[in-house]
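Please walk through this protein chain with its coordinates open beside the text. The explanation below moves from a surface feature to the strands, then to the interior, and ends with some backbone details.

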Amino acid sequence: MEDFVQKQLNRLQDRNISFEVMPNRKNELELRWEEAFAKDMSKSQKRKMAFKQCMWNVFSWGKIECLKEQRAIEAFDQQKKAGCYLIYAFDEEAIYIPKASRLKAKDITHIASPTDEETNVNIERFGNNPGVTYLLDLYIVDELFNWTYILTHEEDCGPYFHKP
């Protein structure tokens, strides 16, 4: 388990939000996300926007309408939530929160540090820059894939909230 996922689990525990770690589910959940939110886009459109690397490009490129920045945060916080998944782009595990009604934007982290002692994966992935933290792509989606909230690795992109 990557250190940033463990940090998220610790944060959820601190807030008394129950969860389940789901090993090797990222690819399946990403395919379901694509089917739910980008099914009307052609393969060519997806290829041009590097969709497989950053699925959230459908929002940053304006291909799908969404709420952005503070409005996205507010929409996520106000959204009625049953169960939801947290899908980190750089980890094969997903987190399932069966009762997410109390989950708010402040409960979520998508920050990794290359200096964490728990793992060297971040150093290998992002370079060894002591004291620097990195943002990671994180997709949050309800268990029925009716809405999604996305935090990106880009400081000037997102967060995004979309509910068709």
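The largest pocket of this predicted model encloses about 210 Å³ of space. Its lining is made up of Lys26, Asn27, Glu30, Leu31, Glu34, Phe51, Lys52, Gln53, Met55, Ala89, Phe90 and Tyr139. Sorted by class, the residues that line the largest pocket are 6 nonpolar, 2 polar and 4 charged. Helix 2 makes the largest contribution to this lining, with 5 residues, and helix 2 itself covers residues 26-37.

For the wider setting of this pocket, the whole chain can be considered. The protein chain has 164 residues, of which 48% count as buried, and its secondary structure comes to 6 helices and 9 strands. If one takes the contacts between residues at least 6 apart in sequence, 64% of them join residues that are at least 24 apart.

Among the strands, strand 3 offers a convenient place to begin. Strand 3, which spans residues 84-88, pairs with strand 4 in the antiparallel sense over 4 bridges, and a hairpin of 5 residues leads from strand 3 to strand 4. Two of the bridge partners can be followed residue by residue: cysteine 84 is matched with isoleucine 97 of strand 4, while leucine 86 is matched with isoleucine 95 of strand 4. Strand 3 also runs antiparallel to strand 7, to which 5 bridges join it. Leucine 86 takes part here too, since its bridge partner in strand 7 is isoleucine 140, and strand 7 covers residues 138-142.

Strand 4 in turn has a pairing with strand 1, which covers residues 20-22; these two strands run antiparallel and are joined by 3 bridges. In this pairing, the partner of glutamate 20 in strand 4 is tyrosine 96.

How are the two faces of strand 3 placed, buried or exposed? Cys84, Leu86 and Tyr88 lie on one side and Tyr85 and Ile87 on the other, and all of these residues are buried, in keeping with a count of 5 buried residues out of 5 for strand 3. Strand 4, residues 94-97, can be read in a similar manner: Ala94 and Tyr96 point one way, Ile95 and Ile97 point the other way, and all of them are buried.

The interior can now be described through its nonpolar cores. The largest nonpolar core holds 23 residues, and Trp33, Val58 and Tyr85 are those with the most contacts inside it. At least two residues of this core are supplied by each of helix 2, helix 4 (57-60), strand 3, strand 4 and strand 7. Helix 2 gives the most to this core, with 3 residues. Around valine 58, once its neighbours within four places in sequence are left aside, the residues in contact are Trp33, Ala38, Met41, Met49, Phe51, Lys63 and Ile64. A second core, separate from the one just described, has 22 residues, with Ile17, Cys84, Leu86 and Leu103 included among them. The residues of strand 3 can thus be followed into both cores, with Tyr85 in the largest and Cys84 and Leu86 in the second.

Some details of the backbone remain to be inspected. Most residues other than glycine have a negative phi, and most peptide bonds are trans. Against that background, asparagine 16 has a positive phi, near 55 degrees, and is placed in the loop between helix 1, residues 3-14, and strand 1. Phenylalanine 145 likewise has a positive phi, near 60 degrees, and lies in the loop between strand 7 and strand 8.

What is the relative accessibility of asparagine 16? The value is 65%, and because exposed means over 50%, asparagine 16 counts as exposed. Phenylalanine 145, by contrast, has a relative accessible area of 8%, and is therefore buried, the limit for that class being under 20%.

The last detail concerns a peptide bond. The bond from glycine 158 to proline 159 is cis, with omega near -5 degrees, and proline 159 is found in the loop between strand 8, residues 148-151, and strand 9, residues 160-162.

Technical notes. Residues are numbered from 1 along each chain as its sequence is written. This is a predicted model: local features need pLDDT of at least 70, side-chain atom pairs count only at pLDDT 80 or more; totals for chains, interfaces and linings use all residues. Side-chain values use heavy atoms; hydrogens and water are left out. Buried means under 20% relative accessible area, exposed over 50%, partly exposed in between (1.4 Å probe, protein chains only). Two strands pair if DSSP finds at least two bridges between them. A nonpolar core is a set of buried Ala, Val, Leu, Ile, Met, Phe, Trp, Tyr and Cys residues joined through side-chain atoms within 4.5 Å. Contact means heavy atoms within 4.5 Å. On a 1 Å grid over the protein atoms alone, a cavity is a set of points where a 1.4 Å probe fits but cannot get out, and a pocket is an open set with protein on both sides within 12 Å along at least five of seven lines; lining residues have an atom within 4 Å of a point. Grid points are joined across faces, edges and corners, and a volume is the space filled by probe spheres set on the points. Ala, Val, Leu, Ile, Met, Phe, Trp, Tyr, Cys and Pro count as nonpolar, Asp, Glu, Lys and Arg as charged, and the others, Gly among them, as polar.
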